[in-house]
Structures are given as structure tokens and as C-alpha cells.
Amino acid sequence: MATACQRLYADADRRRRRQEEDARLAAERQAAEEALDAVLRETPGLVVLECAFTWCRPCMGFDPKYKRFADYYRRVRFLKVFGNENSSTKHLVKERLGVKASPNFYFFRDGKVVGEKRGANEDKFRTALLSHVLPEEKP
């Protein structure tokens with residue numbers, strides 16, 4: 001049977017490990033957001049961000065189409081983040097962007113969200129994209 005002193009040490013050790021884990025998760029969360037913010041600062045034109053999940057079948061089905069859009073619109077920056085990759089991406093997708101369905105697309109210009117589109121319908125995505133592409137960004 002553990003003594004009172006041993007229990008106190010065990011409790012203190014659990015608290016210390018929990019604090020270390022919380023600090024690690026906070027640093028991880030910051031990493032994805034800082035990476036996105038850096039891209040948004042460095043990219044002068046339109047940035048399209050796809051928020052997907054590794055288990056999402058519509059996301060997997062839309063992936064080749066998204067790549068074709070990226071190949072065609074070379075002056076537009078296309079990004080993708082998996083919301084279940086780690087705690088950093090989970091925080092970015094769920095907390096900061098507020099994704100409720102996937103795939104979810106965000107259109108950024110000058111670091112600010114200028115549009116959003118949900119779902120894997122290619123025609124609706126094209127319409128949303130074209131509403132945000134400037135003439136000089138078109139091929």
C-alpha cells in the first residue's frame with residue numbers, strides 16, 4: 001500500500017507530465033497556424049485551402065480534381081490540410097476555421113478569408129474559385 005508521501009509524489013509527477021503535454025500540444029497547435037499565416041503573408045494573390053480528413057471519401061474523390069485545378073491555375077496558391085493529422089491541424093481546422101463538413105475550401109486574399117465553399121462538387125468549386133480569381137491570375 002502506498003504511503004501518503006508516495007501518493008503526493010505520484011500526484012505531483014502526473015501534474016508535471018500533464019503540464020509538459022499541454023505545453024507540447026500548445027506548441028504543436030501553434031505550428032500549423034504559424035505555417036498557414038506565413039504562407040498567407042508571403043503570397044500576394046489568391047490562396048485556396050482545402051480542409052480534408054484522411055477518412056473522408058468525398059475528400060479522396062475530389063483530390064485528383066483539386067490537383068488539376070492547381071495545375072491549371074498556376075498563379076493561385078493551392079494548399080491542403082488534413083484536420084485529423086495531429087493536434088496542430090485539428091486545432092487549426094476545428095477551432096480557428098470552424099470546419100463543420102469536409103471537404104471545406106477557404107479562399108484567402110491578403111491574409112483574410114474572402115470566401116468559403118463546402119462539398120466535393122466540381123462545378124460548384126469551379127464557380128466559387130472563378131468568383132475569387134482576378135483576371136491576371138487566370139491562365
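This is a short dialogue on reading aromatic pairs, a helix face and one buried threonine in a predicted model.

Q: Let's begin with the rings. What describes a pair of aromatic rings?

A: Two values do the job: the distance of the centres and the angle of the planes. In this predicted model, the count comes to 11 aromatic pairs. Take F62 and F125 as a worked case: their centres are 5.4 Å apart and their planes stand at 75°, which makes the pair edge-to-face.

Q: Where in the chain do F62 and F125 sit?

A: F62 belongs to helix 2 (residues 57-72) and F125 to helix 4 (residues 122-132), so the pair links distant parts of the chain, 63 residues apart. F62 has a relative accessible area of 1%, and F125 has 0%. Buried means under 20%, so both rings qualify.

Q: And how would I read Y106 and F108?

A: Here the centres lie 6.5 Å apart, with 40° between the planes, and the pair is tilted. Both Y106 and F108 are buried.

Q: Which residues do ring pairs link into a cluster?

A: Good one to trace on screen! The cluster holds F62, Y66, F69, F78, F105, F107 and F125. F62 and F125, our edge-to-face pair, are among them.

Q: Now to helix 4. Which of its residues are buried?

A: A helix can be read by asking which way its residues point. In helix 4, the buried ones are F125, A128, L129 and H132. They lie on the same side of the helix because they cover an arc of only 100° around the axis.

Q: What covers that buried side, and what does the face turned away from it carry?

A: The cover over the buried residues of helix 4 includes helix 2, strand 1 (46-52), strand 2 (77-82), strand 3 (104-109) and strand 4 (112-118). On the face turned away from the buried side you will find the exposed residues D123, T127 and S131.

Q: What happens at the start of helix 4?

A: Look for N121 there: one of its side-chain oxygens comes to within 3.0 Å of the backbone nitrogen of D123.

Q: One last residue: is T89 buried or exposed?

A: T89, which lies in helix 3 (residues 87-96), has a relative accessible area of 6%, so it counts as buried.

Q: Which residues is T89 in contact with, leaving aside neighbours within four places in sequence?

A: With those neighbours set aside, the contacts of T89 are A32, V81, F82, G83 and N84.

Conventions:
Residues numbered from 1 in each chain as written. Predicted model: local features only at pLDDT ≥ 70, side-chain atom pairs only at ≥ 80, totals over all residues. Heavy atoms only, no water. Helix = DSSP H or I, 4+ residues; strand = E, 2+ residues; numbered from the N terminus. Buried < 20%, exposed > 50% of the residue type's maximum accessible area, 1.4 Å probe, protein only. Contact = heavy atoms within 4.5 Å. Phe/Tyr/Trp six-rings, centres within 6.5 Å; stacked < 30°, edge-to-face > 60°. Arc of directions from axis to C-beta. Polar contact = N/O pair within 3.5 Å; in protein donor to acceptor, adjacent residues only side chain to side chain.
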